[in-house]
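I opened the notebook to record what I looked up in this structure, one entry for each place I visited.

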Amino acid sequence: MDIQWINRHRIDIDGVGITSLVSLPGCPLSCSYCINKEILKREDLIKTISEEDLIDILSIDHSYFLYTNGGITFGGGEPLLQWKHLLRFASLCPSEWNLTIETSLNVPTKYLEPLLQKNFSFIIDIKSLDTRIYREYTGRDNHQVLSNLKLIRRRIPSHKYAIKVPIIPGYTDNKSQQDSIYKLREFGINQETIIPFTYITP
Ligand code: SF4
């Protein structure tokens, strides 16, 4: 697995309890306000590590994970680009660790589908469900996001995912945020899983 850094002892930030965030390089999107854009391209920060070795390193916080119901969050970048490594990690790590993936879901469905059979939770940043705004902000089409979102809704229980719907200054406002939330509800997404928030711009 290619990783960039590990950030330990995160409390209720990106998952339940105490988590370690493992940042993975690479992303198919080019979001205007991405704070990681330059870092994600820096090959000198990328380390290739086996899943076994990564688990060994992360095990230093095993007891924290157990006592707080915490675990590992994979962020980035787009972690789903390394779906095969995530699958292997999930097969080898202690079963008590809660595993979370932070994703935009803008990846081929074949990357996502195998992970739905494992015990992953997902934190999904949907950006905007307005196709024009999404393209302006990320440089990509969002049709893949929509089909992956529908798959998640069908295949895993709603407590296993959260969908962040941002106000993106200069791109979306309160009304377009509400429009996206309305479309999510039309897809059958539970209101409790939807998290409205506002991007802090650089
Ligand atoms: S999805 Fe995240 S990592 Fe990728 S370009 Fe957008 S903000 Fe950056």
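**Entry 1: proline 166.** I asked first whether proline 166 is buried or exposed. In this predicted model, proline 166 counts as buried because 21 other C-beta atoms lie within 10 Å, and the cut-off for that word is 20 or more. I found proline 166 in strand E8, where, not counting residues up to four places away in sequence, it touches Lys127, Thr172, Phe197, Thr198 and Tyr199. I also looked up its separation from glutamate 38: the two are 128 residues apart in sequence and 22 Å apart in space, C-alpha to C-alpha.

**Entry 2: backbone angles in the loops.** Lysine 127, one of the contacts of proline 166, was my next stop. Lysine 127 has a positive phi of about 60° although it is not a glycine, and I noted this with the general rule in mind. Most residues other than glycine have a negative phi, and most peptide bonds are trans. Lysine 127 sits in the loop between strand E7 (120-125) and helix H6 (131-138), and it is buried, with 26 other C-beta atoms within 10 Å.

Leucine 105 gave me a second case, with a positive phi near 65° in a residue other than glycine. It belongs to the loop between strand E6 (98-103) and helix H5 (109-112), and it too is buried, with 26 other C-beta atoms within 10 Å. I added that glycine 188, just after H8, takes a positive phi of about 90°.

**Entry 3: the cis bond and the ligand.** Which peptide bond did I find to be cis? It is the one from glycine 76 to glycine 77, with omega near 5°, and glycine 77 lies in the loop between strand E5 (71-75) and helix H4 (83-92). Both glycines turned up again when I listed the residues that surround the ligand, which include Gly76, Gly77, Glu78, Ser104, Cys27, Cys31 and Cys34. Sorted by class, this shell has four nonpolar, five polar and two charged residues.

**Entry 4: helix H7.** Helix H7 (residues 143-155) has 13 residues and reaches 19 Å from its first C-alpha to its last, close to the 18 Å expected at 1.5 Å a residue. Its buried residues are Val145, Asn148, Leu149 and Ile152. They cover an arc of only 105° around the axis, so they are on the same side of H7. An α-helix has 3.6 residues a turn, so residues three or four places apart point the same way. The buried residues of H7 pack against H5, E7 and strand E8 (161-167), whereas the face turned away from the buried side carries the exposed residues His143, Arg154 and Arg155.

**Entry 5: nonpolar cores.** I then asked which residues have the most contacts inside the largest nonpolar core. In this core of 34 residues they are Val22, Phe74, Ile101, Phe122, Ile124, Ile126 and Ile163, and the elements that give two or more residues to it include strand E3 (18-23), helix H2 (51-58), E5, H7 and E8. Apart from it lies another core, of five residues, among them Tyr134, Tyr137, Ile168 and Tyr171. For isoleucine 101, leaving aside neighbours within four places in sequence, I noted contacts with Phe74, Pro79, Leu80, Leu86, Phe120 and Phe122.

Terms used: Residues are numbered from 1 along each chain as its sequence is written. This is a predicted model: local features need pLDDT of at least 70, side-chain atom pairs count only at pLDDT 80 or more; totals for chains, interfaces and linings use all residues. Helices (H or I, at least four residues) and strands (E, at least two) are DSSP runs, numbered from the N terminus. A residue is buried if 20 or more other C-beta atoms lie within 10 Å of its own, exposed if 12 or fewer, and partly exposed in between; C-beta atoms are placed from the backbone. The expected span of a helix is 1.5 Å times one less than its number of residues. The arc is that of the directions from the helix axis to the C-beta atoms. Two residues are in contact if their C-beta atoms, placed from the backbone, lie within 7 Å. A residue is near a molecule or strand if its C-beta atom, placed from the backbone, lies within 6 Å of it. Ala, Val, Leu, Ile, Met, Phe, Trp, Tyr, Cys and Pro count as nonpolar, Asp, Glu, Lys and Arg as charged, and the others, Gly among them, as polar. A nonpolar core is a set of buried Ala, Val, Leu, Ile, Met, Phe, Trp, Tyr and Cys residues joined through C-beta atoms within 7 Å.
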